[in-house]
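User: I'd like to learn how to read this structure feature by feature. Could you give me the general idea each time, and then the case at hand?

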Amino acid sequence: DDIEEEEEECYSPKPIKHIGEEEIAESPSDDEAEIIKLRQSVINKMTEQLKLTSGGNNDANRNDSADKLYQEEARKGMETGDSAFNIEVSLDPTQQVYWWHDKYRPRKPRYFNRVHTGFEWNKYNQTHYDYDNPPPKIVQGYKFNIFYPDLIDPTKTPSFKLLPGENPDTAIVVFHAGPPYEDIAFKVVNKEWDYARRSGFKCTFERGILHLCFNFKRLRYRR
């Protein structure tokens, strides 16, 4: 008997030896089904809270954050040869479905971009043009400023990738970040980038802004 008592004390809760008429014993499968039901109700409640946190109630605050970054960038003005650039490209909607769409309201990020144009004074242009009769201006580079002030996970740095354009003269720059932002893409001139920092290349993410600045390599004219 002592051994049986010691064994019973090892169990938690203690085994029930006798069940009264008013007590109901549940089968393990019914008990597991009830636990799963309770867990699902907790998950549903948390999902609803996430939707409220990321829904329309905070849209005004988010727009204010993006507007503030936009105004700060716009106040920097334009350098010589710069002009506003907003040739946005539509992406395939079937590739724009993410796991987080059900939890967060997806939206495109705001941006303030610039395109830099100027004269290319290579040997050919020096021979056929002068300052009174300059050659046509060409695109020499771009400056992208994409605003991501409300990233759900700010530790994940936004990124970009370069894709072929609809013809050999163009390329597509696609910017990607985490929720709640959708991908955004722009059409650019398809030329070789100069990745040297001394040539103006910059790719940084700071204060909620992804900066991508690059100029094209200048090709030497050969006769």
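Analyst: Let's start with the elements. Helices (H or I, at least four residues) and strands (E, at least two) are DSSP runs, numbered from the N terminus. By that rule, this predicted model has 4 helices and 10 strands. Read from the N terminus, the order is α-α-α-β-β-β-α-β-β-β-β-β-β-β.

User: Any ground rules before we go on?

Analyst: Residues are numbered from 1 along each chain as its sequence is written, and side-chain values use heavy atoms, with hydrogens and water left out. As the model is a predicted one, local features need pLDDT of at least 70 and side-chain atom pairs count only at pLDDT 80 or more, while totals for chains, interfaces and linings use all residues.

User: What pLDDT does the protein average?

Analyst: pLDDT is the predictor's confidence in each residue, from 0 to 100. The protein averages 77, and 67% of the residues score at least 70. Residues 53–58 fall below 50, and this stretch has 11 contacts in the model beyond near neighbours in sequence; a contact means heavy atoms within 4.5 Å. Where pLDDT is low, the predicted coordinates should not be read in detail.

User: And how many of the residues count as buried?

Analyst: Buried means under 20% relative accessible area, exposed over 50%, and partly exposed in between (1.4 Å probe, protein chains only). Of the 223 residues, 29% are buried. As for contacts with a separation of 6 or more, 64% of them come from residues 24 or more positions apart.

User: Which strands pair with β7?

Analyst: Two strands pair if DSSP finds at least two bridges between them. Strand β6 (residues 170–176) runs antiparallel to β7, with 6 bridges joining them. β7 itself covers residues 184–189, and it also pairs with β2 (residues 88–89), again in the antiparallel sense, over 2 bridges. To find the register in the viewer, look for Phe175 with its bridge partner Ile184, and for Glu88 opposite Phe186.

User: Now the aromatics. How do I describe a pair of rings?

Analyst: A pair of aromatic rings is described by the distance of the centres and the angle of the planes. Rings of Phe, Tyr and Trp (its six-membered ring) pair if their centres lie within 6.5 Å; planes under 30 degrees apart count as stacked, over 60 as edge-to-face and the rest as tilted. By this rule the count here is 15 aromatic pairs. Take Tyr142 and Phe216: their centres are 6.0 Å apart and their planes meet at 85°, so this pair is edge-to-face. Tyr142 sits in strand β4 and Phe216 in strand β10 (residues 209–216), 74 residues apart, so the pair links distant parts of the chain. Both Tyr142 and Phe216 are buried.

User: What angle do the planes of Phe144 and Phe214 make?

Analyst: That angle is 25°, with 6.3 Å centre to centre, and the pair is stacked. Phe144 lies in β4 and Phe214 in β10, 70 residues apart, and both are buried. These four rings belong to one aromatic cluster, which also includes Phe175, Phe186 and Trp193.

User: Where does Lys137 lie?

Analyst: Over the face of Phe119, at 5.6 Å from the ring centre. The rule is that a charge sits over a ring if NZ of Lys or CZ of Arg is within 6 Å of the ring centre and within 35 degrees of the ring normal.

User: Is Gln140 buried or exposed?

Analyst: Gln140 counts as buried, because its relative accessibility is 10%. It lies in strand β4 (residues 138–147). Leaving aside neighbours within four places in sequence, its contacts include His116, Phe119, Asn215 and Arg218. Arg218, in the segment after β10, is exposed at 63% relative accessible area, and it touches Glu120 as well as Gln140. Arg218 is also 8.6 Å from Asn122, C-alpha to C-alpha, with their positions 96 residues apart in sequence.

User: What should I look for in the backbone?

Analyst: Most residues other than glycine have a negative phi, and most peptide bonds are trans. Here, the bond from Pro179 to Pro180 is cis, with omega near 10°; Pro180 lies in the loop between β6 and β7. Arg207 has a positive phi of about 55° although it is not a glycine. Arg207 lies in the loop between β9 (202–206) and β10, and it is exposed, with a relative accessible area of 61%.
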